[in-house]
Amino acid sequence: MSSRLAAPLVAALVALAAPVVPGAAGATEVEPFGAPPDPAALVEEERRVWSAGDDLDRSIRRARNLVRDEALLAYVGSVLDGLYPDFRGTIVLKGVLRDADPNAFVLPNGSVYLTLGLVGVLGSEAQLAVVLGHEAAHFVHRHGYQQMSSAKSMSAFGVGLTVLTGGIGAIGSLALAGAFYGYSRDHEREADRAGFERVVRAGYPPQAGVEAFERLAADAKLYDRKQPTFFASHPSMLERTEAFRELIAALPAGQGAGQGAGQGAGHAAATGNAAPAASAADPDPARVLRYRQATARARLEYLRLAAETGRHRSIVALLEAPFQAGEVEPAAAFWLGEAYRLRAGEGDPDRAVGVYRAVLERDPGQAAAWRGLAEIERRAGRMAEAADAYRRYLDGAPGAVDREAIEAELGRLQRSDGSGTGEPEPAGQGETR
Ligand SMILES: [Zn+2]
């Protein structure tokens with residue numbers, strides 16, 4: 001999977017770097033696009049940068065790491081079009097990458113990508129709009145092209161190429177593709193400002209600007225990363241949220257802080273929320289509902305991917321408080337049980353049991369919760385209870401992909417139960433997939 005993407009990416013990046021003659025375009029002032037440009041009418045250097053973007057699009061498609069969720073794509077695309085109606089068809093959402101790390105990037109040809117992690121971590125359409133508005137602003141202001149022309153970006157490419165040829169994985173490469181452009185602080189500020197203008201103009205609560213970045217920062221902090229991937233080369237989070245507060249304060253009366261802003265963006269960032277109805281700062285119930293429906297599958301899919309890739313802390317941060325408030329549907333709550341079980345810290349097995357039982361009480365069809373319970377019983381040495389729970393799992397999930405493994409486990413349990421020893425097995429991670 002990794003090498004498949006890395007080679008074309010390298011080729012595309014070499015193509016991006018090739019036309020650069022130090023100082024060639026750097027001196028001239030580059031105006032933002034006032035309307036969708038005709039790629040053929042661009043100067044040669046920019047045309048090459050643009051077509052290198054096309055190459056990257058193809059590489060990403062070939063890597064087959066895109067989420068297949070037409071409803072989600074149509075929805076996110078419509079949010080993007082709502083922000084940039086004048087660039088419809090030019091700034092285009094090309095895909096959602098199956099990567100649990102929250103990230104987004106735009107290519108110099110207007111192709112926008114985001115990750116499943118971004119959809120999972122953000123909590124409202126307004127927050128999503130903030131990120132999309134920012135990325136699209138990089139395109140409108142031709143930051144990719146401008147950055148290509150500077151010596152600084154050449155060295156950023158050098159670093160990137162080394163990392164790529166050093167064989168990092170596809171997901172890492174993709175994350176890098178966005179970071180590659182290494183936009184300057186000035187460009188980042190410009191994208192924040194221009195994107196924010198679009199967000200406000202489209203009628204979103206301005207407070208979403210602060211919220212979105214706080215959420216992303218809170219998630220990055222769980223893993224001791226200073227900056228979310230999205231901000232790899234960006235101004236500091238603090239600087240950024242401050243800048244957003246200033247932008248909000250500068251809005252004309254009636255558009256600013258009072259409007260749907262709500263307190264506690266920080267709280268929302270800390271607790272997260274998988275049930276966006278209760279989520280922060282969007283006073284438009286129709287929009288909240290639309291967001292909730294269009295992203296439901298993706299947010300569930302994110303939880304699965306996050307559990308599979310060891311992002312247990314994100315799941316707990318996202319779901320713990322809403323679960324306790326009774327706001328999380330059983331299918332999503334199951335992943336909170338999984339996150340506790342897999343995190344396996346002090347008290348986590350009990351927490352997991354509590355969640356699994358609540359899930360089964362509300363929806364007996366969530367048979368996988370029985371498997372989670374069985375794993376915990378088995379690790380605690382309660383073999384009869386474990387066997388019983390495994391059986392309930394298989395009864396409830398006749399088509400389970402892990403049926404064979406579970407039946408084998410059941411056989412072992414019954415033997416050990418018969419002998420009466422009931423020795424707890426050393427805890428494997430118990431993940432059956
Ligand atoms: Zn940026």
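**Exercise 1. Decide whether Ala344 is buried, partly exposed or exposed, then say what stands out about its backbone.**

Solution. Start with the surface: Ala344 has a relative accessibility of 41% and therefore counts as partly exposed. The cut-offs behind that call are under 20% for buried and over 50% for exposed. Keep in mind that this is a predicted model. Next, find its place: Ala344 sits in the loop between helix H15 (330-343) and helix H16 (348-362). Finally, look at the backbone: phi of Ala344 is positive, about 55°, although the residue is not a glycine. Here's the background: most residues other than glycine have a negative phi.

**Exercise 2. Find where Arg142 lies and work out whether it is buried or exposed.**

Solution. Arg142 belongs to the loop between H5 and helix H6 (143-148). Its phi is near 55°, again a positive value in a residue other than glycine. Now for the surface: the relative accessible area of Arg142 is 17%. Since buried means under 20%, Arg142 is buried.

**Exercise 3. List the protein donors of the zinc ion and name the geometry of its site.**

Solution. First, pick out the atoms: His134 (NE2), His138 (NE2), Glu188 (OE) and Glu188 (OE) are the protein donors, at 2.1 to 2.8 Å from the zinc ion. Glu188 appears twice in that list. Second, check the angles: among the four donor atoms they run from 51 to 136°. A tetrahedral call needs all angles between 85 and 135 degrees, and the site comes out as irregular. Third, read the donors along the chain, where their spacing is H-x3-H-x49-E.

What does the pair His138 and Glu188 tie together? His138 is in helix H5 (residues 125-140) and Glu188 is in helix H9 (residues 185-201), so the pair links parts that are 50 residues apart in sequence. Both of these residues are buried.

**Exercise 4. Work out the strand order of the sheet and find which helices pack on it.**

Solution. Begin with the order: the three strands run E1-E3-E2 in an open sheet with mixed pairing. That leaves strand E1 (92-97) and strand E2 (104-106) as the edges, each pairing on one side only. On average, neighbouring strands are turned by 20° against each other, direction ignored.

Now zoom in on one pair. E1 and strand E3 (residues 111-115) run parallel and are joined by five bridges. Within the sheet, Gly95 stands opposite Tyr113 in E3.

Then add the helices. Helix H2 (residues 44-62) lies across E1, E2 and E3, at about 35° to E3. Helix H3 (residues 70-83) also packs on the sheet, touching E1 and E3, and its direction makes about 135° with that of E1.

**Exercise 5. Take the UniProt "transmembrane region" feature and ask what the chain looks like over residues 112-133.**

Solution. The UniProt record, an unreviewed entry, places this feature at residues 112-133 and 154-183. Over residues 112-133, the model has 68% helix and 18% strand. The C-alpha atoms at the two ends of that stretch are 11 Å apart.

**Exercise 6. Describe the surroundings of His312 and Ala331.**

Solution. His312 is in helix H14 (residues 312-324), and at 14% relative accessibility it counts as buried. Leave aside neighbours within four places in sequence, and the contacts of His312 are Tyr223, Ala306, Ala307, Ala339, Leu342 and Arg343.

Ala331 lies in helix H15 and is partly exposed, at 24% relative accessible area. Not counting residues up to four places away in sequence, Ala331 touches Leu300 and Gln366. Ala331 and Arg362 are 31 residues apart in sequence, while their C-alpha atoms are 9.9 Å apart.

**Exercise 7. Place Asp388 in its helix, then step back to the whole chain.**

Solution. Asp388 is in helix H18 (residues 383-396) and is partly exposed, with a relative accessible area of 34%. Between the C-alpha atoms of Asp388 and Glu377, eleven residues apart along the chain, the separation is 9.8 Å.

Zooming out, the chain holds 19 helices and three strands. Of its 433 residues, 53% are buried. Among contacts with a separation of 6 or more, 69% are between residues 24 or more positions apart.

Notes:
Residues numbered from 1 in each chain as written. Predicted model: local features only at pLDDT ≥ 70, side-chain atom pairs only at ≥ 80, totals over all residues. Heavy atoms only, no water. Donors = N, O, S within 2.8 Å, 3.2 Å for Na, K, Ca; no water. Tetrahedral: all angles 85-135°; square planar, octahedral: opposite > 155°, others 65-115°. Helix = DSSP H or I, 4+ residues; strand = E, 2+ residues; numbered from the N terminus. Buried < 20%, exposed > 50% of the residue type's maximum accessible area, 1.4 Å probe, protein only. UniProt positions renumbered as here; feature names shortened; annotations may be inferred. Pairing = 2+ DSSP bridges. Axes fitted to C-alpha atoms, helices over the stretch in contact; angles between N-to-C directions. Contact = heavy atoms within 4.5 Å.
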